[in-house]
Amino acid sequence: MAHIVIMGAGIGGMPAAYEMRAMLDKEHRITVVNSTDYFQFVPSNPWIAVGWREREQITVPIAPYLERKGIQFVPKAVTAIDATANRLTLDGGDTLDYDYLVITTGPKLSFNEVPGAGPVNSGGGGFTHSICTVDHAQEFFADYKKFLENPGPVVIGAMPGASCFGPAYEFAFILDTDLRKRKLRNKVPITYITSEPYIGHLGLGGVGDSKSMLESEMRGRDMKWITNAKTTRVEDGKMFVTQLDELGAVYKEHEVGFKLSMMLPAFKGVDPVAAVPNLCNPRGFVIIDEFQRSKAYRNIFSAGVCVAIPPVEVTPVPTGTPKTGYMIESMVGAIVHNIADELKGQPAVAKGTWNAICLADMGDTGAAFVALPQIPPRNVNWFKKGKWVHLAKIAFEKYFIRKIKKGTSEPIYEKYVLKLLGIVRLSGDK
């Protein structure tokens, strides 16, 4: 009998637990460990931040749904990993032994890399907001309601080293739409500040016509932007930005005033994972092979934002490579198959396709891209915009939360409909 421990219960961890339970014999134990007792559907956080959703609509208590499937749940943070002894130390001093460890923790939000940025309760300076967690989104909405009484300039974007650019664009357009609905957009200048070398880079070197389409959308919504932006510090109502040229030389210094700001931070690996000798790169991301396995520890696998993927290309201001939801599910699928094969005495051979599908809401329309695979060169590379994406994003939210509640890892929609479009999770799927 093997004990598989999954560390993290997000978009990667919960499907991993369900798929593992469905694939493995009942004699094998599965335990999920998470620092909170609820699952949060992170893609809906931009809607929380403008009051279009309530917390209860996008969060799900973990324990009852996992236990219904025969999966144990421990609602405690991991404080240390002893990879040699195959043991986790939990908050409070308890320990948990494992035969296999699957790390799906998501990232540490590295607000302190830019002085003054980020929520205070997450180690930041308090002068900018985030939508990386449901708590952060609620904090933004609390300040937003006060802001609406006396509007002013807004700054939205992504810090140097950021890798998750889609939500920043999404939030800028959602905020624009909300302000227009309130007849207040004319009182709110919006500036988009990003470490990307150009609008629509997305940390991916662009996808299809993303550059021209997103630039056009921002012009149409009367948004200004600064690219190649190295944000150096934030003070109360002021953001200091060094803009570089394409060769990395200083092009211009900016002091941008604002009354409300949301800036996505750079990511790092979470502390207990980053502290394991030889497990991670210098930023704390897990170094994996083609089978999602740690290169240092054969019984540790990892998926999601916490894995080490090199940048798609060198940019004047550092940018990371995003890990989109379907790409994460591809990684999870490979892990589950590989652990199942090993338990049968067979070698690990499953590889994720790392195909990327992204639906970004813009409030009243939306943008979608498909990159197959996500890392160039690609077989498929397109970017489309339309009202249908806005509706599809709403539908996907309902679908994924229902999937978490039902405990299904790959329902018919993913298994057959996407396959008809040539989008599959594992290399070799037909």
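**Helix faces, strand pairs, cysteines and aromatic rings**

In helix α7, the exposed residues R219 and G220 sit on the face turned away from the helix's buried side. That view comes from a predicted model, as does everything described below. The helix itself covers residues 210–220, and its buried residues are S210, L214, E215, E217 and M218. Looking down the axis of α7, these buried residues fall within an arc of 160°, so they line one face of the helix.

A second helix, α5, invites a similar look. Helix α5 takes in residues 134–147, 14 residues in total, and reaches 20 Å from its first C-alpha to its last. That reach is close to the 20 Å expected at 1.5 Å a residue. Its buried residues are V134, H136, A137, F140, Y144 and F147. Around the axis they cover an arc of only 150°, which puts them on the same side of α5.

One of these buried residues, F140, leads on to the aromatic rings. The count of aromatic pairs comes to 10. In one of them, the ring centres of F140 and F171 are 5.0 Å apart and the planes stand at 85°; an angle over 60 degrees counts as edge-to-face, so this pair is edge-to-face. F140 belongs to helix α5 and F171 to helix α6 (residues 166–181), so the pair ties together parts that are 31 residues apart in sequence. Both F140 and F171 are buried. Elsewhere, ring pairs link F39, F41, F396, Y399 and F400 into a cluster.

The strands come next, beginning with a hairpin. Strand β6 (residues 78–82) pairs with strand β7 (residues 87–90) in the antiparallel sense, over four bridges. Within this pairing, I81 stands opposite L88 in β7. The hairpin has four residues between its strands, and N86 takes a positive phi near 60° there.

Further along the chain, an open sheet is formed by three strands in the order β20-β21-β22, with antiparallel pairing. Strands β20 (356–361) and β22 (380–385) stand at the edges. Each of these two has a single partner strand, so one side of each is left without a neighbour in the sheet. From one strand to the next, the twist averages 5°. Six bridges join β20 to the antiparallel strand β21, which spans residues 366–372. As an example of the register between them, L359 has A368 in β21 as its bridge partner.

Finally, the cysteines can be considered. A search of the whole structure finds zero disulfides. C132 is in no disulfide, and the nearest cysteine sulfur, that of C164, is 7.1 Å away. Why is the sulfur of C164 not bonded to the closest cysteine sulfur, in C132? A disulfide needs two cysteine sulfur atoms within 2.5 Å, and at 7.1 Å the sulfur of C164 is too far from that of C132 for a bond. The surroundings of the two residues can be described as well. C132 has a relative accessible area of 17%, under the 20% cut-off, and therefore counts as buried. C164, at 30% relative accessibility, counts as partly exposed.

Conventions:
Residues are numbered from 1 along each chain as its sequence is written. This is a predicted model: local features need pLDDT of at least 70, side-chain atom pairs count only at pLDDT 80 or more; totals for chains, interfaces and linings use all residues. Side-chain values use heavy atoms; hydrogens and water are left out. The expected span of a helix is 1.5 Å times one less than its number of residues. Buried means under 20% relative accessible area, exposed over 50%, partly exposed in between (1.4 Å probe, protein chains only). The arc is that of the directions from the helix axis to the C-beta atoms. Two strands pair if DSSP finds at least two bridges between them. Axes are lines fitted to C-alpha atoms, for helices over the stretch in contact, and angles run from 0 to 180 degrees between N-to-C directions. Rings of Phe, Tyr and Trp (its six-membered ring) pair if their centres lie within 6.5 Å; planes under 30 degrees apart count as stacked, over 60 as edge-to-face and the rest as tilted.
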